[in-house]
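Visitor: I would like to learn how to read a model of this kind, feature by feature. Where should one begin?

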Amino acid sequence: MSVDVVSPPRADSGASAGVPQLSIISPAYNERANIRPLVAAVAAAMGGTRWELIVVDDDSPDGTAEEVFAIAGEGYPVRCIRRIGRRGLASAVVEGALAANAAVIAVIDADLQHDEKLLPTMLALIAAGDSDLVVGSRHVDGGGVGDWSKDRQAMSSFATWCANLALGTGISDPMSGFFAIRRDVFHASVHDLSQQGYKILLDIISSAPHALRITEIPYVFRNRVEGESKVDLMIMLEFLFLLIEKVTRGLIPPRFVLFSAVGGIGLVAHVAVLQALKSFGSTFLVAQTAATAVAMTLNYVINNSVTYRSQRLRGRRFVIGYFIFCLVCSIGTLANIGVADLVLADEGNWALAGVAGALMSAVFNFGVATQFVWSQ
Ligand code: GDD
Ligand code: MN
């Protein structure tokens, strides 16, 4: 058996002996072309400060992880957490931050849109002891959004306004994805994080058990040169759900809202199929069975690609999941009828009984499906 001798880390790369002073977390999906410039820029910005870079990759098809491995092989203090079967910026950041070795954690996008030259300042401000969290802000003097279109600017301002109205963060750029935080402060709220969508900073601030001492420093959001943004309609919806979850103190899980909305779509489909088959002269039993099958299938497909898209099932697991989902819904229907019947006997009100039954099956289906169908 032969043992390869690995050459010692480059002295100038930040990997010199000892625990890093700053752990830099970078979520990355399809950012292969940006990884090398990112590492070079971070290494240059950090100078003699000991740092590590943890790239959290969600199994990007473009080979982002392999690029990180290659750069690590060159002696840079870089590693990759590669997640399989999961997607999501916020949860990627959380996973990376949990692996941080340093007492201070920074989060920076992998696509070079954030200004890595601010990293040492962020670290210094936290090390000075007056700040728990330092936020790179585009909305304080000296900051800016670069070449964003008017539409994207308006959307961002509106979202910031909503976030501050709902959660009162008191900062100018709660939507920023560029910040540094004390590791112990992060760990203090990590169990309460929603981890949905993009807005991990907002999530951290609104989940903290005590008000955080926050300092904002300006930066100008750069334009993306390589690759493309992953923001889509779903990400905006997830932002709304994050607000709902935080405002209701976790009482309403955002996924439940989505799951119920999808259930509503299923109901509309059910009635439509029922009516259609009736007009073709079908018996009620056949029409009802077909309508139920269509509604259940539709619910499953939409939930799989929307509600649970961060753990979407594919291939064989999609088929198995489908059967379990149908089973869960059938039991949910029994629970629905049982509860509705009880309420009806008690209150004598059809509408009330109907709503109670529907709510019962929604809660049941949601709980059991989350546990047994999309359990990852
Ligand atoms: N691991 C992982 N998984 N990374 C992801 C995912 C995902 O599902 N989605 C996006 N990322 C990574 C991208 O590869 C990129 O490095 C970073 O997260 C930001 O994603 P973009 O899609 O480029 O977002 P953006 O530029 O529109 O917005 C970013 O900057 C804003 C300003 O700070 C985000 O960080 C926003 O939250 C932020 O407001
Ligand atoms: Mn970006």
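Guide: We go from the whole chain to the sheet, then to helices, loops and annotated spans. Keep in mind throughout that this is a predicted model.

Visitor: How many helices and strands does the protein chain have?

Guide: An inventory comes before any detail. The protein chain has 12 helices and 7 strands. Its C-alpha atoms fill a box of roughly 80 × 60 × 40 Å along the principal axes. Of its 376 residues, 38% count as buried. Sequence separation is also worth a look: among contacts between residues at least 6 apart in sequence, 76% join residues at least 24 apart.

Visitor: What is the order of the strands in the sheet?

Guide: A sheet is read by listing its strands in spatial order. Here 7 strands form an open sheet in the order 3-2-1-4-6-5-7, and the pairing is mixed. Strand 3 (78–82) and strand 7 (214–218) are the edge strands, each pairing on one side only. On average, neighbouring strands of this sheet are turned by 20° against each other, with direction ignored.

Visitor: Which strands pair with strand 2, and over how many bridges?

Guide: Pairing is followed bridge by bridge. Strand 2 (residues 51–57) runs parallel to strand 3, and 5 bridges join the two. Within this pair, Val 55 stands opposite Cys 80 of strand 3. Strand 1 also pairs with strand 2 in the parallel sense, over 7 bridges. In that pairing, Pro 27 stands opposite Val 56 of strand 2.

Visitor: Is strand 2 covered or left open, and which way do its residues point?

Guide: Take burial and side-chain direction together. Strand 2 is mostly covered, with 7 of its 7 residues buried. Trp 51, Leu 53, Val 55 and Asp 57 point one way, while Glu 52, Ile 54 and Val 56 point the other way.

Visitor: Which helices lie on that part of the sheet?

Guide: For packing, note the strands touched and the angle. Helix 1 (residues 32–46) lies across strand 1 (22–28), strand 2 and strand 3, and runs at about 155° to strand 2. Helix 3 (residues 89–98) packs on the sheet too, touching strands 1, 2 and 3 as well as strand 4 (104–107). The direction of helix 3 makes about 150° with that of strand 1.

Visitor: Which residues of helix 2 are buried, and why do they count as one face?

Guide: Look down the axis and ask how far the buried positions spread. In helix 2 (residues 64–73), the buried residues are Thr 64, Ala 65, Glu 67, Val 68 and Ile 71. Seen down the axis they fall within an arc of 160°, so they line one face of helix 2. Their cover includes strand 1, helix 1, strand 2 and strand 3. After helix 2 comes Gly 75, with a positive phi near 100°.

Visitor: How does helix 8 read by the same approach?

Guide: Check the length, then the face. Helix 8 (residues 233–247) has 15 residues, which at 1.5 Å a residue should span 21 Å; the end C-alpha atoms are 22 Å apart, which agrees. Glu 238, Phe 239, Leu 242, Leu 243, Glu 245 and Lys 246 are buried in helix 8. They cover an arc of only 165° around the axis, which puts them on the same side of the helix. Among the elements covering them are helix 5 (150–167), helix 7 (200–207) and helix 9 (254–279). Just after helix 8, Arg 249 takes a positive phi of about 55°.

Visitor: Where are Asn 30 and Asp 59 found?

Guide: Backbone angles in loops deserve a separate pass. Asn 30 sits in the loop between strand 1 and helix 1, and its phi is positive, about 55°, although it is not a glycine. Asn 30 counts as partly exposed because it has 19 C-beta neighbours inside 10 Å, whereas a buried residue needs 20 or more. Asp 59 lies in the loop between strand 2 and helix 2, with a positive phi near 60°. Asp 59 is partly exposed, with 13 other C-beta atoms within 10 Å.

Visitor: Which residues does UniProt list for each domain?

Guide: Set each recorded span against the computed content. The unreviewed UniProt entry lists "Glycosyltransferase 2-like" for residues 23–186, a span that is 40% helix and 19% strand. The same kind of record places "GtrA/DPMS transmembrane" at residues 259–374, where the chain is 87% helix and 0% strand. UniProt's "transmembrane region" annotation includes residues 256–277, which are 100% helix, with end C-alpha atoms 31 Å apart.

Definitions and conventions. Residues are numbered from 1 along each chain as its sequence is written. Chains are lettered from A and ligands numbered from 1 in the order in which they are written. This is a predicted model: local features need pLDDT of at least 70, side-chain atom pairs count only at pLDDT 80 or more; totals for chains, interfaces and linings use all residues. Two strands pair if DSSP finds at least two bridges between them. Helices (H or I, at least four residues) and strands (E, at least two) are DSSP runs, numbered from the N terminus. Axes are lines fitted to C-alpha atoms, for helices over the stretch in contact, and angles run from 0 to 180 degrees between N-to-C directions. Two residues are in contact if their C-beta atoms, placed from the backbone, lie within 7 Å. The expected span of a helix is 1.5 Å times one less than its number of residues. A residue is buried if 20 or more other C-beta atoms lie within 10 Å of its own, exposed if 12 or fewer, and partly exposed in between; C-beta atoms are placed from the backbone. The arc is that of the directions from the helix axis to the C-beta atoms. UniProt positions are given in the numbering used here, feature names are shortened, and annotations may be inferred rather than shown by experiment.
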